[in-house]
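Reader: Before we discuss the assignments, please show the model, and then let us test each term against its criterion.

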Amino acid sequence: MQRRRIVKTVNAYDSGLHIRYGAALDEYTTFQLGGACRLMISCRTPEELERAVRYASALGMHYVLIGGGSNVLVSDKGVDAAVIRYFSDEPLIHRKKNMVEVAGSAVLDHLVGYAADTGLGGINYCSGIPGTVGGAVLGNAGAFGRQIGDAVESVTLMNERGETWNEPGDALDFSYRRSRLQRTGEIVVSCRLELENADRNQLSEERRNILKMRSEKHPDWRVEPCIGSIFRNIEPTSSAGRRKAAGWFLEQAGAKDFKVGGAVVFDRHANIIVKRPGGTAQDVFDLAARMEESVFEEFGMRLVREVRYLGLFKGDDPQIAAEFH
Ligand SMILES: Cc1cc2nc3c(=O)[nH]c(=O)nc-3n(C[C@H](O)[C@H](O)[C@H](O)COP(=O)(O)OP(=O)(O)OC[C@H]3O[C@@H](n4cnc5c(N)ncnc54)[C@H](O)[C@@H]3O)c2cc1C
């Protein structure tokens, strides 16, 4: 049984925000790992997000934004900053013909389910990807060679002062698992996706198949905590080449047998780490470092991390760790 920190839940006067001091971040990440932050501000709507950002800024406190926590590894020591969690269980979706306006806090799979149910195609391949729409736009999430950035018509962004503005999707410099937002720290308040009319029954059947395939290939993070692929796939060296799976290189390097403490490489996918009882974020960090090293020794090639590390880890580059991003 894990010990929980005692936390204080308050509604910050005036702001009406839901704030928890010393909130343990393992409750908010799919890895179910991570120590406490200084305070967590939870917000669901664009209006609440604006108040949260302005509140953190008025306190003069550095903040880190998270959505579904499905692509972050938080240090066991926690994060010496405020955390703003922009996440909503309610879909917060508006449709006008084949355009869909959705809050960045909405769960991506809720959006995909809504699109399939209402006969909108162009995003079905995202079925079953955990996390929020905002997290997906930032990391240009995708599967089967397709990515959400291709459907983004425009976005509403917010800066650290709580100011918002609109931009067309192609201003975000989308590429494989990348967008401009990873460099700028701008927040996806909401986005507008251009989808296409499609047959509902076909979409639903395709969605069922994708979900089945994912459940056979990927761990269910609710049962086997994880954060998906640790490393990016390898970009082709020429425009004619195809992207190569990092998992293949890891498997050749013997990574499927690797284990550090309570962190083990998933037996059906060498690019995924799962947490066993008692596993720590430091175990995951050390295992990921060992996986990276094994590919370097075998192929002379450095894998690039896809997931974001938050807070301090033993053995991390202090300069990178200090930046949080
Ligand atoms: C079992 C499993 C399978 C997965 N499969 C896939 C897959 O097939 N394809 C894929 O692409 N990914 C996959 N992932 C990774 C993950 O689901 C995606 O990266 C997801 O889009 C992250 O969204 P999130 O809300 O959880 O982001 P978080 O983990 O909360 O945050 C990740 C990054 O996004 C930023 N962020 C979050 N919300 C916003 C916002 N509103 N505006 C700006 N920045 C924001 C955070 O600051 C952070 O830098 C998988 C993960 C798991 C656990």
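Reader: Which residue of β14 is the bridge partner of Thr156?
Author: In this predicted model, Thr156 has Ser190 in β14 as its bridge partner.

Reader: What makes β12 and β14 a pair of strands?
Author: Pairing requires at least two bridges between two strands. Strand β12, residues 152-158, and β14 are joined over six bridges in the antiparallel sense, so the criterion of at least two is met.

Reader: Why are β7 and β13 said to stand at the edges of the sheet?
Author: The open sheet has five strands in the order β7-β8-β14-β12-β13, with antiparallel pairing. Both β7 (93-96) and β13 (164-168) have a single partner strand, so one side of each lacks a neighbour in the sheet. On average, neighbouring strands are turned by 15° against each other, direction ignored.

Reader: How do you know that Arg308 makes a polar contact with the ligand?
Author: The limit for a pair of N or O atoms is 3.5 Å. A polar side-chain atom of Arg308 lies 2.6 Å from a ligand oxygen atom, and the corresponding value for Arg177 is 3.3 Å. For Ala136, a backbone N or O atom lies 3.4 Å from an oxygen atom of the ligand. Each therefore qualifies under the 3.5 Å limit.

Reader: How much of the ligand's accessible area does the protein cover?
Author: Of the 980 Å² that the ligand has on its own, the protein covers 93%.

Reader: Which element gives the largest share of the shell around the ligand?
Author: That element is α3, with four residues. The shell comprises 14 nonpolar, 13 polar and four charged residues.

Technical notes
Residues are numbered from 1 along each chain as its sequence is written. This is a predicted model: local features need pLDDT of at least 70, side-chain atom pairs count only at pLDDT 80 or more; totals for chains, interfaces and linings use all residues. Side-chain values use heavy atoms; hydrogens and water are left out. A polar contact is a pair of N or O atoms within 3.5 Å; within protein, one must be able to donate a hydrogen and the other to accept it, and residues adjacent in sequence count only if both atoms are side-chain atoms. Accessible areas come from the Shrake-Rupley method with a 1.4 Å probe; for residues, only the protein chains shown count as cover. Helices (H or I, at least four residues) and strands (E, at least two) are DSSP runs, numbered from the N terminus. Ala, Val, Leu, Ile, Met, Phe, Trp, Tyr, Cys and Pro count as nonpolar, Asp, Glu, Lys and Arg as charged, and the others, Gly among them, as polar. Axes are lines fitted to C-alpha atoms, for helices over the stretch in contact, and angles run from 0 to 180 degrees between N-to-C directions.
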